[in-house]
Amino acid sequence: MSEKADPATQNRVVQDDCVPLQDVPSVVVIGAMNLDVIATAGQPAQADDSTPGNIGFYAGGVARNIAEGLTRLSVDTSLHSIVGGDFAGAQLLALCQTAGMCCEHIVTSKNGATPVYVSMNSHDGSLLHAVSDMSLIDRWQMPQLSAPSKAGLCVIDANLPQSVIEDIVTLYQHTPLVAEAVSVSKCRRLQNVLPALELLKVNRHEAAVLVDAGEQVSTEVVGKKLLELGPRKVLMSLGADGAMLFEKRAGVVDVIHTEAALAEVVSVNGAGDALTAGFLAAMLRGKDSATCLQWGVEAAGLSLECFSACSELLSVTRLTRQRR
């Protein structure tokens, strides 16, 4: 899977699916965008010492990552988010525009710094430590958010304050809702809105927190317990073990597991968001659940092979080709 992006198509959204684009529902994504500062050690890191490696600055944030993934997968996507009126905010907006994203609903605030996420990765790309400063979005009340019109799907992330999440769910009550749990520390912000969700995306740790399950409880049991709390579907990322989908149909719970895509891991940053984007892009095209899950894990695999959260290689053609 390790390919170089073709300079001729780099950062260009490729509209290349057999489903006419006008028939693919549009999506509103609401949540965080931030500047990612990713430091990856070039060798095993030692405590209390400097380690040679790679440091890069990338566009990030859960909602922004999902929005970019959907855009690259030819889904008409509007991102509602906020940045500060600083250099980091200007750089983020430029990166989003280069990726072909709709940025007209991104607010620039004069009263706070652009959110920043700083991570330290091991030499194998796995996450060692991370710190995020999301104080700007913690204070964001989104007074400009208007009622939905033609959106076929609304995606939110748990970076948003709980009161804002609940307001969005009320506003978009007639639109299918998807929520990304974000982290163990923030996933409980979704607790009160779980019954309103078409799809909840979690990892194994977030799912366990939401159902108060210990590590000894099996992944399948955790997923089924989470489904009982109200969401129609639960998409669970399992890292190197791939992903699982839990879905209740006619009173019976279907569980689908897909192995992780083969990938030369550069960074795990954004892989879970790519999983969500790939899954939703297939779902919006009316694909069956197994295909949706396959698109998701392939998109995540592409993300793993680059430092940025969303791979420039991501396209419908690429995901379709991977299945052959």
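Trainee: Which residues have the most contacts inside the largest nonpolar core?
Mentor: In this predicted model, they are Leu 70, Phe 279 and Leu 280, and the core has 51 residues.

Trainee: And which helix gives the largest share of this core?
Mentor: That's helix α7, residues 271–284, with ten residues in the core.

Trainee: What does Leu 70 touch, leaving out residues up to four places away in sequence?
Mentor: Leu 70 touches Val 27, Val 29, Val 75 and Thr 77, and also Ala 277, Leu 280 and Ala 281. Apart from this core lies another, of 43 residues; Ala 32, Leu 136, Leu 200 and Leu 226 are among them.

Trainee: Okay, on to sheets. What is the strand order in the open sheet of four strands?
Mentor: The order is β3-β2-β6-β7, and the pairing is mixed. At the edges sit β3 (53–60) and β7 (127–133), each pairing on one side only. On average, neighbouring strands of this sheet are turned by 15 degrees against each other, direction ignored.

Trainee: How many bridges join β2 to β3?
Mentor: Eight, and the two strands run antiparallel; β2 covers residues 34–41. Asn 34 stands opposite Gly 60 in β3.

Trainee: Which helix lies across those two strands?
Mentor: Helix α2, residues 87–98, lies across β2 and β3 and runs at about 75 degrees to β3.

Trainee: Back to Asn 34, then. Is it buried or exposed?
Mentor: Asn 34 counts as buried because its relative accessibility is 5%, which is under the 20% cut-off.

Trainee: What does its side chain have for polar partners? I'd like the distances too.
Mentor: The side chains of Asn 34 and Asp 36 are joined by a polar contact of 2.7 Å. A polar atom of the Asn 34 side chain also lies 3.4 Å from the backbone nitrogen of Gly 61.

Trainee: And which residues does Asn 34 touch, again not counting those up to four places away in sequence?
Mentor: The list is Tyr 58, Ala 59, Gly 60, Gly 61, Leu 92, Pro 115, Val 116, Tyr 117 and Met 134.

Trainee: New topic: how many disulfides does a search of the whole structure find?
Mentor: Zero. Cys 96 is in no disulfide, and its nearest cysteine sulfur, that of Cys 103, is 4.9 Å away. For Cys 187, also in no disulfide, the nearest cysteine sulfur belongs to Cys 154, 19 Å away.

Trainee: Why does Cys 187 count as buried?
Mentor: Because its relative accessibility is 0%. Cys 96 counts as buried too, at 0% relative accessibility.

Technical notes. Residues numbered from 1 in each chain as written. Predicted model: local features only at pLDDT ≥ 70, side-chain atom pairs only at ≥ 80, totals over all residues. Heavy atoms only, no water. Core = buried A, V, L, I, M, F, W, Y, C linked by side-chain atoms within 4.5 Å. Buried < 20%, exposed > 50% of the residue type's maximum accessible area, 1.4 Å probe, protein only. Contact = heavy atoms within 4.5 Å. Pairing = 2+ DSSP bridges. Axes fitted to C-alpha atoms, helices over the stretch in contact; angles between N-to-C directions. Disulfide = S-S within 2.5 Å. Polar contact = N/O pair within 3.5 Å; in protein donor to acceptor, adjacent residues only side chain to side chain.
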